[in-house]
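Grab a pencil and work through these exercises with the structure open beside you. Try each task before you read its solution.

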Amino acid sequence: MRQPLRYPWPFDPDDVLASAIAVRVDVTETRAEVPDHRHRKGQLVFALGGGVTCRVPSGLWMVPPHCAVWIPGDMGHSNIATANARIFFVYIEPEAADLPDRCCTLSISPLLRELIIELADRGEDNDARGELLARVLLTELPRMPVQQLHLPVSSEPRLRRIAVALAEDAADRSTLAEWANRVALSESSLARLVVKQTGLTFGRWRQQLHLIVALRAQASGASVQQVSADLGYESVTAFITMFKKALGKPPAKYLSSVAQNGGSAFVAR
């Protein structure tokens, strides 16, 4: 079935008896957001094009290409999509599949991608074929590798404020001292807070955001030059050097390997 990106839906996914249902979401020319909500079923957020950011209590999860974000049931979350994004939401009954009890990024194989699209095209038609497709999806999904490419954020309000600002403007190159001034902390205090709450230094934390934004943009057709400029790098060479150091390959080769392996290359160093 297809729905515009607004909430609540015309139907309640928790009322649908199927073990798994998929919804294709149409986003218009403008950015759209589903406000904070929760439901009994777990939710898989998968994007074929454009960008989606999922906000949960533990962080910001941006959906990279060939991957999906898994949100367990009863976890509060919101979804923000870029203009013209092509998104699929898969709602899964608790206990229907052996999936993590925490939010995470999962690789999505070509087989799973086609299963999700087919289930969405079938709508609420819960016949024998639909149940068979759902069973195959629920068998394959737990086998997908869990990836580490996300932006960890705690509920600490100052850190969340910085994370939201960077997610909305990844090109902001403000220094640690400048961010500290904005949130009324000393530079050293903010540095310690970031490490304590995320396990990463501020520079590595921001780089993680840049990697996700870059991968998402390039998978949607943006050039390396455009992505480099959008992220505020002084040169394309500087951007490629950062990317290769973090992920082992330059952007074009990395995306090619990800496409061939169904997302299994998404491991940031």
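**Exercise 1: Getting an overview**

What percentage of the 269 residues of the chain count as buried?

*Solution.* Keep in mind that you're looking at a predicted model. Start with the cut-off: a residue is buried when its relative accessible area is under 20%. By that rule, 53% of the chain's 269 residues are buried. Next, look at the secondary structure, which comes to 9 helices and 12 strands. Finally, check the contacts between residues at least 6 apart in sequence: 71% of them join residues at least 24 apart.

**Exercise 2: Exploring the cores**

Find out which residues of the largest nonpolar core touch the most other members, and which element gives the largest share.

*Solution.* Here's a handy background idea: in soluble globular proteins, nonpolar side chains tend to be buried together. In this model, the largest nonpolar core has 36 residues, and the ones touching the most other members are Ile162, Leu190, Trp205, Leu231 and Phe239. Now see where the core comes from: the elements that each supply at least two residues include the strand β6 (59-62) and the helices α3 (157-168) and α6 (202-219). Helix α6 gives the largest share, with 8 residues.

Zoom in on Ile162. Skip its neighbours within four places in sequence, and you'll find it in contact with Trp179, Val183, Leu190, Phe202 and Trp205. There's also a second, separate core of 26 residues, with Leu44, Val90, Ile108 and Leu138 among them.

**Exercise 3: Looking into the largest pocket**

Work out how much space lies in the largest pocket and what kinds of residues line it.

*Solution.* First, the volume: the largest pocket holds about 500 Å³ of space. Second, the lining: it has 25 residues, and Thr82, Ala167, Glu168, Val213 and Arg216 are the closest to the pocket's centre. Third, the elements: β5 (52-56), β6, β8 (77-81), α3, α6 and α7 each give two or more residues to the lining. Last, sort the lining residues by kind, and you get 13 nonpolar, 6 polar and 6 charged.

**Exercise 4: Following one arginine**

Why does Arg129 count as partly exposed?

*Solution.* Find Arg129 in helix α2 (residues 128-140). Partly exposed covers the range between the buried cut-off, under 20%, and the exposed one, over 50%. Arg129 counts as partly exposed because its relative accessibility is 44%.

Now look at its partners. Leaving out neighbours within four places in sequence, Arg129 is in contact with Glu118 and Arg122. The side chains of Arg129 and Glu118 are joined by a polar contact of 2.9 Å. As for Leu119, 10 residues away along the chain, its C-alpha atom is 9.8 Å from that of Arg129.

Notes:
Residues are numbered from 1 along each chain as its sequence is written. This is a predicted model: local features need pLDDT of at least 70, side-chain atom pairs count only at pLDDT 80 or more; totals for chains, interfaces and linings use all residues. Side-chain values use heavy atoms; hydrogens and water are left out. A nonpolar core is a set of buried Ala, Val, Leu, Ile, Met, Phe, Trp, Tyr and Cys residues joined through side-chain atoms within 4.5 Å. Buried means under 20% relative accessible area, exposed over 50%, partly exposed in between (1.4 Å probe, protein chains only). Helices (H or I, at least four residues) and strands (E, at least two) are DSSP runs, numbered from the N terminus. Contact means heavy atoms within 4.5 Å. On a 1 Å grid over the protein atoms alone, a cavity is a set of points where a 1.4 Å probe fits but cannot get out, and a pocket is an open set with protein on both sides within 12 Å along at least five of seven lines; lining residues have an atom within 4 Å of a point. Grid points are joined across faces, edges and corners, and a volume is the space filled by probe spheres set on the points. Ala, Val, Leu, Ile, Met, Phe, Trp, Tyr, Cys and Pro count as nonpolar, Asp, Glu, Lys and Arg as charged, and the others, Gly among them, as polar. A polar contact is a pair of N or O atoms within 3.5 Å; within protein, one must be able to donate a hydrogen and the other to accept it, and residues adjacent in sequence count only if both atoms are side-chain atoms.
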